[in-house]
Amino acid sequence: MNIQDAQKAVDNWIKEHGVRYFNELTNMAQLTEEVGEVARIIARRYGEQSEKESDKDIDLGEELADVVFVVLCLANQTGIDLQTAFDKKMDKKTKRDHDRHHNNEKLK
């Protein structure tokens with residue numbers, strides 16, 4: 001599924017199962033909450049914090065998908081074609097950073 005298809009799938013889900021999109025500020029708060037959940041898992045599972053027994057079964061992929069879902073909601077409700085924006089960003093990063101990371105001594 002490409003990003004455009006994902007945006008359509010989210011929009012269809014909202015129309016079929018939701019009442020409407022939450023407003024943009026609510027979705028921004030929800031995005032922050034979801035990113036915080038991802039950060040907690042990463043910090044405890046891969047960082048130096050100890051992981052609670054109750055957190056060991058939390059699916060990181062599902063939490064990342066929650067982030068993507070809210071990002072797609074925000075793109076839909078603000079009229080952003082996220083596929084076009086993403087393609088543009090990848091082109092920009094490719095041109096700007098083509099040799100940057102290969103020449104970074106910290107990454108060797």
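This is a short tour of a predicted model, moving from its helices to its cores and then to two single residues.

Before selecting anything, note that residues are numbered from 1 along each chain as its sequence is written. Because the model is predicted, local features need pLDDT of at least 70 and side-chain atom pairs count only at pLDDT 80 or more, while totals for chains, interfaces and linings use all residues, and side-chain values use heavy atoms, with hydrogens and water left out.

**First stop: H2 and H3**

Select residues 24-45, which form helix H2, and residues 60-77, which form helix H3; helices here are DSSP runs (H or I, at least four residues), numbered from the N terminus. The axes of H2 and H3 come within 9 Å and cross at roughly 160 degrees, which makes H2 roughly antiparallel to H3. Axes are lines fitted to C-alpha atoms, for helices over the stretch in contact, and angles run from 0 to 180 degrees between N-to-C directions; angles over 145 degrees count as roughly antiparallel, and those of 65 to 115 as roughly perpendicular.

Now show the side chains where the two helices are in contact (heavy atoms within 4.5 Å). Among the residues of H2 that meet H3 are Glu-24, Met-28, Leu-31, Val-38 and Arg-45, and the H3 residues there include Leu-60, Asp-66, Val-70 and Gln-77. The residues of this contact of H2 with H3 divide into 13 nonpolar, 3 polar and 6 charged, where Ala, Val, Leu, Ile, Met, Phe, Trp, Tyr, Cys and Pro count as nonpolar, Asp, Glu, Lys and Arg as charged, and the others, Gly among them, as polar.

**Second stop: the cores**

Which residues make up the largest nonpolar core? Select Leu-31, Val-38, Ile-41, Leu-60, Val-67, Val-70 and Leu-74, the 7 residues of that core. A nonpolar core is a set of buried Ala, Val, Leu, Ile, Met, Phe, Trp, Tyr and Cys residues joined through side-chain atoms within 4.5 Å, and buried means under 20% relative accessible area, exposed over 50%, and partly exposed in between (1.4 Å probe, protein chains only). H2 and H3 are the elements that give two or more residues to this largest core, and its largest share, 4 residues, comes from H3. Apart from it lies another core, of 6 residues, among them Ala-6, Ile-14, Leu-72 and Cys-73.

**Third stop: H1 with H3 and H4**

Select residues 3-17, helix H1, which packs with H3 at an angle of about 85 degrees, with their axes 9 Å apart; H1 and H3 are therefore roughly perpendicular to each other. In this contact, Ile-3, Val-10 and Trp-13 are among the H1 residues, while Phe-69 and Ala-75 are among those of H3.

Then add helix H4, residues 82-97. The axes of H1 and H4 come within 7 Å and cross at roughly 150 degrees, which makes H1 roughly antiparallel to H4. Ile-3, Gln-4 and Gln-7 in H1 meet Leu-82, Gln-83 and Phe-86 in H4, and by class this contact of H1 with H4 has 3 nonpolar, 3 polar and no charged residues.

**Last stop: two single residues**

Within H4, select Lys-89, which is partly exposed, with a relative accessible area of 42%. Lys-89 and Leu-74 are 15 residues apart in sequence and 18 Å apart in space, C-alpha to C-alpha.

Finally, go to His-101 in the segment after helix H4, which counts as partly exposed at 40% relative accessibility. The C-alpha atoms of His-101 and Ala-29, 72 residues apart along the chain, are separated by 33 Å.

Technical notes
Angles under 35 degrees count as roughly parallel, over 145 as roughly antiparallel, 65 to 115 as roughly perpendicular and the rest as oblique.
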